[in-house]
Amino acid sequence: MNDPSGAKFAIERAELTAMAAQSLEVFAAVADKARSLLARPGAAASDVFTHNNTIHAARAAINLAAIQQQNQEDYRRQCVEPAVARIVAMEDDGTQRTFFVSRATPALSAAADASILSYRGPMGRLAALPVGAYETIKTPGGTRAFEIVERAAFRPEFKASAWDALDTRVQAVDRAAATIQSLRALLGAPADTEAEDFIGGLLADEAASSLVTAGFRRELLRSMSLRENPILDQFQDEVFRLPISSRLVLMGPPGSGKTTTLIKRLGQKLDLDVLAQDEEEMALVRGSLAGVEGHRTSWLMFSPTDLLKEYVKDAFNQEGIPAPSERIQTWSDFRRDLGRNELRILRSVSGRGVFVLRPQADLLHLQPGVMEGPIPWFEGFNRWQRRAYWADLRERATRLAAHEAVAIRSIGQKLEALLATTSAGADPSVRVLLDLGGGLSDQLQAIGYRTNSIIRKAANTAISANKGFLDEFAAYLARLDVGVEAEQEESDEADEDEDEEGESAPPSPGSPAATFAAYARALKQAARARAARRRLRPESRTAKVMVWLGTRVPPEAEFEELGRALQAQSALRRFMAPVRRYLFELPKRYRAFRRTAEARAAWYRDAPARPNDLAPLELDVVILAMLRVVRELLREPRVSGLLDDARFEFLADLRGLFESQIVVDEATDFSPVQLACMAALCDPAVDSFLACGDFRQRTTRWGARSRDDLAWVFPDIDLREINITYRHSRRLNEFAREIAGMMGDDGPGPMLPPDIRNEGVAPVLGADLSSPEACATWLAARIDEIQSACFPLPTVAVLAPNEDMVKPLADALSEVLEERNLRAVPCPEGKFVGEERDIRVFDVRHIKGLEFEAVFFVGLDRLVQEEPELFDKYLYVGATRAATYLGVTVDGASLPAELGSLRQGFVRNW
């Protein structure tokens with residue numbers, strides 16, 4: 001065998017060939033069985049129950065159609081990938097057992113004197129353990145303890161009508177790690193030669209030794225896809241197997257398998273066959289909003305960029321997880337849809353909603369500190385809006401209790417008594433809200449009849465005096481040009497007239513009905529202002545309409561009666577459907593909060609350009625407040641049992657927002673408020689939340705900065721760290737640690753896994769390359785060096801400091817590479833374009849989570865100037881995208897002073 005150190009492997013060829021023969025036999029048996037089960041799908045579910053000898057009582061509760069569909073998917077996968085690991089383990093009684101591990105529920109329970117396990121099941125833990133480890137495993141059949149004796153990890157492939165596995169990694173107790181290039185080729189080498197055939201013996205030994213090499217080789221990255229590892233390591237696997245109801249944040253350096261762990265864990269928690277082996281897990285699934293039947297599609301993943309969203313889809317496919325676009329979302333897209341179509345925060349064509357989202361408004365009117373620390377801002381608003389809501393209810397109850405009408409006064413006194421159970425300033429109690437709305441319909445109907453009579457009488461009088469009154473009024477309204485948004489800010493109370501359950505569609509603009517509605521609205525607003533002793537603003541629409549109307553309004557006594565009646569009606573309506581109002585009027589309370597002097601001094605440096613403008617970070621705050629209300633309501637037994645009631649129809653509609661599992665990639669790019677919004681989308685019955693990230697890679701000003709930020713999302717959040725990186729060569733790992741040190745990180749830094757042979761090369765630096773043409777010539781020379789060492793060319797990315805440089809640089813590089821039959825393609829806004837062999841050019845802001853064999857970071861000194869607060873984060877992110885080759889260019893003569901500590905780490909070329 002090939003050992004550069006000259007030492008002889010302790011694993012004899014006979015043992016390796018026996019392992020190879022058994023493995024190929026198992027591959028064939030599992031694949032054949034999977035194909036036979038696919039040929040008779042009606043029996044698939046019952047077959048797999050028998051083969052795995054699981055608990056029939058637990059399985060009886062599972063929706064058979066769902067699990068049968070899942071088994072079919074598992075069988076299809078096993079036709080092309082029968083198993084991914086072979087484990088030899090010794091039990092406490094000294095019995096040595098061999099296990100083959102499949103990614104999912106295997107089609108066979110045993111073959112070739114070995115047991116076959118699902119990696120997702122409890123016994124699959126064996127595949128993640130290092131050789132020599134001792135582990136106690138809880139299984140449905142009882143607790144078992146094992147010591148790992150041998151371990152092999154392989155990637156099966158079927159070609160030329162036979163199974164094989166390339167680059168199989170083999171480990172055994174007290175023996176050196178080795179890589180077998182081909183199991184089939186190893187079996188093809190003769191085990192013995194005749195004594196006199198010395199040449200034959202020498203050739204056989206040489207052939208066998210070339211098939212087995214010392215240590216593990218890292219594969220070159222030849223496609224833009226997430227590095228696929230069928231089995232997690234010991235520490236990742238611990239996270240993978242935590243209960244479905246866990247709330248986790250997994251932190252680790254680039255290339256440490258965080259996203260892979262996230263995806264594999266999601267796959268395991270969607271696997272009904274695995275969940276059925278734990279009654280507690282299945283009880284949570286049965287009690288979830290989605291139930292067993294909807295569980296496999298009840299999940300949502302958030303990604304910071306569209307590019308990363310597309311990048312991870314292949315990894316989902318590898319795990320057999322259907323991942324349509326609606327299951328993987330960017331927060332920016334998701335929150336817009338949520339705020340517009342579900343929570344009615346943003347205006348839509350239907351007229352619902354309060355605000356207009358202005359993406360460019362983030363930096364315009366918020367205090368700078370809000371970006372770095374949004375938690376106090378949210379908590380300040382949430383406390384204020386709760387107090388404001390209850391104070392408003394108490395004030396209206398007091399107004400009703402002093403009303404001149406006995407019936408209304410009696411209602412007000414009862415409401416005052418109910419509200420007295422909650423002290424001033426206390427959080428709203430759902431139970432109190434549920435008791436507020438009874439017995440008000442008759443009074444509201446009577447008041448509504450009287451107010452409509454007064455308005456209709458005045459309109460009829462005006463029309464009687466002038467048959468063209470409505471036409472003249474309509475013409476005046478068409479000429480009237482007053483800011484509608486400013487008017488709406490004044491008329492929050494009047495909006496209640498249009499915010500009733502079962503409201504009809506608005507009349508057609510310009511129609512007599514629409515003109516009369518405008519007349520009635522103006523009268524109501526004017527009468528309500530007079531009753532409140534409040535003057536209309538002269539520039540407001542209502543004031544101008546009232547001036548034009550002149551005497552064509554109700555008589556003075558009736559006008560005053562109208563105002564008092566509308567006040568009583570408004571107060572009573574506050575207690576009709578109070579739960580619904582508490583939720584959907586929350587955006588208006590945010591607008592009111594933003595107007596307060598106290599809030600402006602603390603959180604806003606100026607008013608927005610228009611009163612109803614809303615910045616994206618403000619939308620996050622309102623969404624979180626509303627989602628927490630919905631979760632609170634769904635947890636209240638009196639509400640959850642009445643979702644079919646008309647009063648709670650809105651909650652039944654919103655129930656579909658919640659998912660059994662929420663997962664978040666690159667969590668540190670999201671603000672604590674955004675992460676809390678995502679966490680609030682967890683089904684309250686399960687509360688399954690998993691995020692992964694790295695504080696060193698935070699590339700947004702508002703991103704989470706500390707453990708405290710993450711702990712605020714869930715007080716009982718479980719923060720776990722992994723510190724082994726599988727992406728980088730030793731040289732690039734050391735360079736990444738130098739960058740982290742420059743950033744002030746004094747932690748231990750990422751470590752490389754044992755037994756990996758990957759020294760790599762030092763990063764290169766090119767200076768005085770300010771023009772795209774000069775930079776392209778330098779890049780082409782370095783690409784030639786890579787191709788001389790690696791053929792065909794592996795994945796190469798070029799990172800520009802801004803979007804404006806992407807296309808000019810790609811064009812210049814393509815021109816230089818044309819004679820080499822290579823091309824560079826621009827990837828505007830981080831979009832995937834081109835073919836696998838193309839060299840892709842990105843803005844560095846769009847490459848989070850990706851990895852390439854070679855990365856060139858151009859114009860680094862420009863980035864230092866353009867992003868003085870974040871350039872070190874972008875450098876760390878960009879440099880750690882590279883697995884082996886890293887090149888950096890600067891426009892000037894050397895690295896900028898801010899990066900001076902890194903100068904000694906570069907060479908001129910490879």
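User: I'd like to learn to read this structure. Where does Leu400 lie?

Analyst: Leu400 lies in helix α16, which covers residues 374–401. Keep in mind as we go that this is a predicted model.

User: Is Leu400 buried or exposed?

Analyst: Leu400 is buried, because its relative accessibility is 1% and the cut-off for buried is under 20%.

User: Which residues does Leu400 touch, leaving out those up to four places away in sequence?

Analyst: Its contacts are Ile408, Arg409, Gly412, Leu415, Ala568, Ala571, Leu572 and Phe575. Take Leu572 as an example: this residue is 172 places from Leu400 along the chain, yet their C-alpha atoms are separated by 7.8 Å.

User: Let's turn to charges. What is the general idea, and how many salt bridges does the structure hold?

Analyst: Side chains of opposite charge can pair when their charged atoms come close. The structure holds 57 salt bridges. One of them joins Lys457 and Glu558, with 2.9 Å from N to O. Lys457 belongs to helix α19 (residues 441–465) and Glu558 to helix α24 (residues 556–573), so this pair ties together parts that are 101 residues apart in sequence.

User: How accessible are Lys457 and Glu558?

Analyst: Lys457 is partly exposed at 47% relative accessibility, while Glu558 is buried at 15%.

User: What is the distance in the salt bridge between Asp838 and Arg823?

Analyst: The closest N and O atoms of Asp838 and Arg823 are 3.0 Å apart. Asp838 sits in the loop between β22 (824–826) and β23 (839–843), and Arg823 in the loop between α35 (806–817) and β22, which puts the partners 15 residues apart. Asp838 is buried at 8% relative accessibility, and Arg823 is partly exposed at 40%.

User: Which residues are joined into one network by salt bridges that share partners?

Analyst: That network takes in Arg125, Glu135, Asp237, Glu238, Arg241, Asp718 and Arg720. Within it, Arg125 and Glu135 form a salt bridge of 3.2 Å, N to O. Arg125 lies in the loop between β4 (114–118) and β5 (134–139), and Glu135 in strand β5, so the pair ties together parts that are 10 residues apart in sequence. Both Arg125 and Glu135 are buried. Arg241 also has a ring beneath its charge: its charged end sits over the ring of Tyr119, 5.1 Å from the centre. In another such case, the charged end of Arg628 sits over the ring of Trp712, 5.2 Å from the centre.

User: How many aromatic pairs does a search of the whole structure find?

Analyst: The search finds 34 aromatic pairs. Among them, Phe469 and Tyr519 are edge-to-face, at 5.9 Å centre to centre and 85° between the planes. Phe469 is in helix α20 (residues 469–479) and Tyr519 in helix α22 (residues 512–531), 50 residues apart. Phe469 is buried at 1% relative accessible area, and Tyr519 is buried at 0%.

User: How do Phe593 and Tyr604 pair: edge-to-face or stacked?

Analyst: They are edge-to-face, with centres 6.5 Å apart and 70° between the planes. Phe593 is in helix α26 (residues 586–595), whereas Tyr604 is in the loop between α27 (597–603) and β15 (613–614). Both Phe593 and Tyr604 are buried. These two join Phe355, Trp377, Phe381, Trp384 and Tyr590 in one aromatic cluster.

User: Last topic: how many disulfides are there?

Analyst: A disulfide is a covalent bond between the sulfur atoms of two cysteines. The count here is 0. As for individual cysteines, Cys682 is buried, with a relative accessible area of 0%, and Cys827 is buried at 0% as well.

Terms used. Residues are numbered from 1 along each chain as its sequence is written. This is a predicted model: local features need pLDDT of at least 70, side-chain atom pairs count only at pLDDT 80 or more; totals for chains, interfaces and linings use all residues. Side-chain values use heavy atoms; hydrogens and water are left out. A disulfide is a pair of cysteine sulfur atoms within 2.5 Å. Buried means under 20% relative accessible area, exposed over 50%, partly exposed in between (1.4 Å probe, protein chains only). A salt bridge is a side-chain nitrogen of Lys or Arg within 4 Å of a carboxyl oxygen of Asp or Glu. Helices (H or I, at least four residues) and strands (E, at least two) are DSSP runs, numbered from the N terminus. Contact means heavy atoms within 4.5 Å. Rings of Phe, Tyr and Trp (its six-membered ring) pair if their centres lie within 6.5 Å; planes under 30 degrees apart count as stacked, over 60 as edge-to-face and the rest as tilted. A charge sits over a ring if NZ of Lys or CZ of Arg is within 6 Å of the ring centre and within 35 degrees of the ring normal.
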